[in-house]
Amino acid sequence: MAKPTIYIVSDSVGETAELVTKAAISQFEDNDADIKRFPYVEDPVHIDEVITLAALNYGMIVYTLVKPEMRNYMNKEAEKHGIACVDLMGPLMDQLLHFYECKPLYEPGLVRKLDESYFKKVEAIEFAVKYDDGRDPRGITRADIVLIGVSRTSKTPLSQYLAHHRYKVANVPIVPEVDPPEELFEVPASKCFGLKIDPDILNHIRKERLITLGLNDQASYATLKRIRYELEYFNNIAGRLGCKVIDVSNKAVEETANIIMDEMNK
């Protein structure tokens with residue numbers, strides 16, 4: 001049997017229809033299909049194009065269209081050309097119409113409308129990227145959260161995770177040979193968090209990192225002597241800042257993030 005073609009048609013991006021279709025296809029042993037997505041279909045002319053393709057390729061149409069006139073046109077044309085056609089949105093909306101006892105808005109893409117929360121998340125993610133790894137110390141005073149720690153203590157992934165929870169995060173690497181930026185000592189201790197780690201665990205992490213980069217894992221960067229020296233310097237800086245220090249040795253990023261968010265919410 002030839003691989004079937006399924007046309008996903010939507011007046012928005014079509015993600016929902018494609019996901020539901022793939023979920024249904026997965027229930028069949030021979031579940032290979034050529035899925036083609038047609039987003040932002042808001043004119044009968046676009047429907048005509050899909051109908052023509054589906055007729056030529058003996059395809060099937062799965063669609064999510066919120067406007068009744070577009071749904072009706074799709075159904076009429078599909079029936080005229082003998083094309084299998086499934087309306088994922090219409091029957092549910094018809095039931096909800098009776099449930100809510102009011103007329104739907106019939107506006108495509110409402111579920112994806114950009115709201116204030118979305119913009120805050122995007123802004124926080126961009127902030128975390130811009131002020132990652134101490135690139136620009138000016139971000140320290142503008143951040144909601146400031147992370148400090150020696151190399152390979154998960155500062156960057158933690159910054160990104162917190163950014164997805166709409167926190168603006170700046171992280172600063174602590175290196176004995178480089179004085180911390182002055183801005184670090186200007187922020188309240190309550191929004192600064194130090195990340196410490198067991199020397200042996202960090203030793204393993206750094207060796208693996210060097211190997212991944214194709215470098216010698218015996219480099220000074222990964223020796224226990226160097227690591228203990230860096231951690232001692234980190235402890236000194238954290239003490240001067242008076243910030244909370246979190247041991248990340250055996251913690252997932254999510255666990256550390258939850259500790260920080262709990263502190264921020266107090």
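Mentor: Start with a term: contact means heavy atoms within 4.5 Å. Keep in mind that this is a predicted model.

Trainee: With that in hand, which elements do the buried residues of α9 pack against?

Mentor: They pack against four elements: β5 (145–149), β7 (192–196), α8 (199–212) and β8 (244–247).

Trainee: Which residues of α9 are the buried ones?

Mentor: Arg226, Ile227, Glu230, Leu231, Tyr233, Phe234, Ile237, Ala238 and Leu241. Each of them is called buried because that word means under 20% relative accessible area.

Trainee: How do you know where these buried residues lie around the axis of α9?

Mentor: Look at the arc. They cover only 165 degrees around the axis, so they sit on the same side of α9. There is a general reason for such a pattern: an α-helix has 3.6 residues a turn, so residues three or four places apart point the same way. On the other side of α9, Lys225, Glu232, Gly239 and Arg240 are exposed.

Trainee: How does the reach of α9 compare with the span expected at 1.5 Å a residue?

Mentor: The helix, residues 224–241, has 18 residues. From first C-alpha to last it reaches 25 Å, close to the expected 26 Å. Just after α9, glycine 242 takes a positive phi of about 70 degrees.

Trainee: Which residues other than glycine have a positive phi?

Mentor: Arginine 152 is one of them, at about 75 degrees. This arginine is found in the loop between β5 and α7 (155–163). Arginine 166 has a positive phi too, of about 70 degrees. The loop between α7 and β6 (169–173) holds arginine 166.

Trainee: Why is arginine 152 called partly exposed?

Mentor: Its relative accessibility is 36%. Buried needs under 20% and exposed needs over 50%, so a value in between is partly exposed. Arginine 166, with 40%, is partly exposed as well.

Trainee: On to the strands. What makes β1 and β2 a pair?

Mentor: Five bridges join β1 (residues 5–10) to β2 (residues 34–38), and the two run parallel. A pair needs at least two bridges, so the term applies. Valine 9 stands opposite phenylalanine 38 in β2. Together with helix α1 (residues 15–25), β1 and β2 make a right-handed β-α-β unit.

Trainee: How many bridges join β1 to β3?

Mentor: Five, and these strands run parallel. Serine 10 stands opposite threonine 64 in β3.

Trainee: Why is β3 described as largely enclosed?

Mentor: Strand β3 covers residues 60–64, and four of its five residues are buried, so the rest of the structure largely encloses it.

Trainee: How do you know that β3 and β4 pair?

Mentor: Count the bridges again. There are three between β3 and β4 (residues 85–87), in the parallel sense. At least two are needed, so they pair. In β4, cysteine 85 is the bridge partner of isoleucine 61. The chain crosses from β3 to β4 through helix α3 (residues 68–80) in a right-handed β-α-β crossover.

Trainee: Now valine 41. Is valine 41 buried or exposed?

Mentor: Valine 41 is buried, because its relative accessible area is 3% and the cut-off is under 20%. This valine is found in the loop between β2 and α2 (44–56).

Trainee: Which residues is valine 41 in contact with, leaving aside its neighbours within four places in sequence?

Mentor: Val9, Ser10, Asp11, His46, Ile47, Leu65 and Met70.

Trainee: Last, the rings. How many aromatic pairs does a search of the whole structure find?

Mentor: Four. Phenylalanine 99 and tyrosine 100 form one of them, with 5.4 Å centre to centre and 85 degrees between the planes.

Trainee: Why is the pair of phenylalanine 99 and tyrosine 100 called edge-to-face?

Mentor: Ring centres must lie within 6.5 Å, and planes over 60 degrees apart count as edge-to-face. At 5.4 Å and 85 degrees, the pair satisfies both conditions. Phenylalanine 99 is exposed at 65% relative accessible area, and tyrosine 100 is exposed at 54%.

Trainee: What makes tyrosine 118 and phenylalanine 119 an edge-to-face pair?

Mentor: Their centres are 6.0 Å apart and their planes differ by 70 degrees. Those values again satisfy the 6.5 Å and 60 degree cut-offs, so the name holds. Tyrosine 118 counts as partly exposed at 41% relative accessibility, and phenylalanine 119 does so at 48%.

Methods:
Residues are numbered from 1 along each chain as its sequence is written. This is a predicted model: local features need pLDDT of at least 70, side-chain atom pairs count only at pLDDT 80 or more; totals for chains, interfaces and linings use all residues. Side-chain values use heavy atoms; hydrogens and water are left out. The expected span of a helix is 1.5 Å times one less than its number of residues. Buried means under 20% relative accessible area, exposed over 50%, partly exposed in between (1.4 Å probe, protein chains only). The arc is that of the directions from the helix axis to the C-beta atoms. A crossover is right-handed if, with the strands pointing away from the viewer, the path from the first strand over the helix to the second runs clockwise. Rings of Phe, Tyr and Trp (its six-membered ring) pair if their centres lie within 6.5 Å; planes under 30 degrees apart count as stacked, over 60 as edge-to-face and the rest as tilted.
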